[in-house]
Amino acid sequence: MSLGPAEVAKIAHLARLAIRDEDAPAYARNLSAILDLVAQMNAVDTAGVAPMAHPLDTAQRSRTDEVTEFNQRERFQAIAPRVEAGLYLVPKVIE
Amino acid sequence: MEWETVIGLEIHAQLATKSKIFSGAAIAYGAEPNTQACAIDLGMPGVLPVLNREAARMAVMLGLSIGAEIARRSVFARKNYFYPDLPKGYQISQYELPIVQKGRLSIDLEDGTRKVIGVTRAHLEEDAGKSLHEDFHGQSGIDLNRAGTPLLEIVSEPDLRSAKEAVAYMKKLHQMVVYLGICDGNMQEGSFRCDANVSVRRKGDPQFGTRAEIKNLNSFRFVERAIEFEVERQIDLIESGGKVVQETRLYDPDQGETRSMRSKEEANDYRYFPDPDLLPLVLDDDFINAARAGLPELPDIKKQRFITQYGLSAYDAGVLTASRELGDYYEAVVAALGGEPKLCANWVTGDLAAFLNKDNREIADSPVSAVRLAGLLRRIQDQTISGKIAKEVFEALWAGEGDADAIIEKRGLRQITDTSAIEKVIDGVIAANPDQLAQYRAGKDKLFAFFVGQVMKASKGKANPQQVNDLLMEKLKG
């Protein structure tokens, strides 16, 4: 399976990655190689093999429902580019 | 051309836990911005989510209540998209293996029939933060307190055929999650909100039409209006030669219309994959049985019990089981009175409900306790007061003037049941109205009501109405 420049551009956009046009062919080649590997694995007969959701063969730990975190807003907001009235400010998002 | 509407609902219920689904931050509503957003909620590097067991238990409770399959093994997945109120760049959700699968919920339709609506799935996920678009010097403000709040997304089959059915389903589910105590159901605060997938097709067409998704409907009324508008829009579009495009639309309650969201950015390409930070969620029998043991009596079962145990009409039973609190209150009244379930039902669904409604109060905040209401009903039952006087006593109860007996004493409302006393009043009324008496005796039967009214007035409403009727009948005969 091979990806073209348009697909590379779409994937990059979805991941919000800025890539240079001249790098696109290399990305296309490398991503296609990964898909080829997947295609190769897809050819294996996996009937009767349960899909693996995680390489660790164990189950999720859980916690009891308790509030254990306290307010550290000032510390978190000290590294934010801009804050006001306790809010993080970001470039305008319009719906 | 006859058209058929096809609707499926995705309902997001915020789970009523104390802490978030993957962190120990509080989820109290209305806190100062960003004071309940910890390193995990902010997606700081190096943090790991740990599942809140209570959220899983609540999801299982819903699953058991709608006859669903509970997945012994479910998997958390990342739903990837970029928005400032989603700090990690992905939402932790469940995709291929949700915790609850294949349930059903029956709704009562207006014509009195029942319809079973399939529930495809319910999965656990985290809520996003909130974006505030008021002017912050041309920027948006982000409050991440809500980020990481546990949500149960409940997805219906496309089984709903009208806006009314959609609302009935949504109300039923709302009642269910509130009964279960897994969601506070507060729609103004966004604890229970709905996306509607709406399409139309020609009647008899086996294929579904192209659907539009209407986002973020947070009231029953908006759901109904938005769907009605959308159905109309799609039919008009097709009949005028156009085509419905699959897109996300927003409902504008002020204009009463749905509008397309920027469809270019709405590339629904979320690239789900299993979240490597979270292992599969495995539930054993003990966990599921414990959740089952914690289930309350469910609304439909309670309603049926009220019909058989108390001899109530389906309508009254439905009203009284609308919420757990109301049902409990009613049963407390019946227990305190020791019977007369119909009388109790009349008062709880009548005067009490009217007063609650007028003061915009919930049953839990009723100033008249079940025991006090029973105290009033006991005095109706033993004929100390008439039903009419009881309304006056109830008002005083509501105003906090003590219990019914004290009010009856203080205001001298005790019913007159002494025959000779009532006769005296009747004699006075007859003597004062010789013309009416003559007309009555001449055959004008309708004047009987006039005499009853005069006697009741003369006794300040305290004469026992049944005795007044009987005695008056005798006396007027002459």
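In this predicted model, the second largest pocket draws its lining from several helices and one strand of chain B. β7, α2 (163–180), α3, α5 (299–310), α6 (314–320), α7 (324–337) and α8 (341–358) of chain B each supply at least two lining residues. Helix α2(B) gives the largest share, ten residues. The volume of this second largest pocket is about 1,700 Å³. Its lining counts 49 residues, and those closest to the centre are K171(B), H174(B), Q175(B), A322(B) and S323(B). By class, the lining of the second largest pocket holds 21 nonpolar, 14 polar and 14 charged residues.

Strand β7(B), one contributor to that lining, also belongs to an open sheet of nine strands in chain B. The strand order is β3-β7-β8-β11-β1-β12-β13-β14-β15, with mixed pairing. The edges are β3 (69–70) and β15 (257–260) of chain B, each of which pairs on one side only. Helix α3(B) packs on this sheet. The helix touches β1 (3–14), β12, β13, β14 and β15 of chain B, and its direction makes about 25° with that of β12(B).

The pairings can be followed along the sheet. Edge strand β3(B) pairs with β7(B) (residues 100–108) in the antiparallel sense, over two bridges. Here E69(B) stands opposite Q101(B). Next, β7(B) is joined to β8(B) (residues 114–126) by eight bridges, and the two strands run antiparallel. L105(B) of this pair faces I117(B) in β8(B). The β7(B)–β8(B) hairpin has five residues between its strands. Within this hairpin, G112(B) takes a positive phi near 90°. Strand β8(B) in turn shares seven bridges with β11(B) (residues 150–156), again in antiparallel fashion. H123(B) stands opposite E153(B) in that strand.

Further along the sheet, β12(B) (residues 192–202) and β13(B) (residues 212–217) pair antiparallel over four bridges. C194(B) has L217(B) of β13(B) as its bridge partner. Four bridges also connect β13(B) to β14(B) (residues 247–252), but these two strands run parallel. In this pair, K215(B) stands opposite L250(B). Between β13(B) and β14(B), the chain passes through helix α3(B) (residues 220–239). The resulting β-α-β crossover is left-handed.

A second open sheet involves both chains. Four strands make it up, in the order β2(A)-β3(A)-β10(B)-β9(B), and their pairing is antiparallel. One edge is β2 (83–84) of chain A, and the other is β9 (130–136) of chain B; each pairs on one side only. The two chains meet where β3(A) (residues 87–91) is joined to β10(B) (residues 139–143) by four bridges, running antiparallel. Across this pairing, P91(A) stands opposite Q139(B).

A search of the whole structure for cavities of 30 Å³ or more finds one. The largest cavity has a volume of about 40 Å³. Its lining consists of D41(B), D85(B), L86(B), P87(B), K88(B), E126(B), D127(B), A128(B), A147(B) and G148(B). Among these, E126(B) lies in β8(B), which spans residues 114–126. The lining of the largest cavity divides into four nonpolar, one polar and five charged residues.

Note on methods: Residues are numbered from 1 along each chain as its sequence is written. Chains are lettered from A and ligands numbered from 1 in the order in which they are written. This is a predicted model: local features need pLDDT of at least 70, side-chain atom pairs count only at pLDDT 80 or more; totals for chains, interfaces and linings use all residues. Side-chain values use heavy atoms; hydrogens and water are left out. On a 1 Å grid over the protein atoms alone, a cavity is a set of points where a 1.4 Å probe fits but cannot get out, and a pocket is an open set with protein on both sides within 12 Å along at least five of seven lines; lining residues have an atom within 4 Å of a point. Grid points are joined across faces, edges and corners, and a volume is the space filled by probe spheres set on the points. Ala, Val, Leu, Ile, Met, Phe, Trp, Tyr, Cys and Pro count as nonpolar, Asp, Glu, Lys and Arg as charged, and the others, Gly among them, as polar. Two strands pair if DSSP finds at least two bridges between them. A crossover is right-handed if, with the strands pointing away from the viewer, the path from the first strand over the helix to the second runs clockwise. Contact means heavy atoms within 4.5 Å. Axes are lines fitted to C-alpha atoms, for helices over the stretch in contact, and angles run from 0 to 180 degrees between N-to-C directions.
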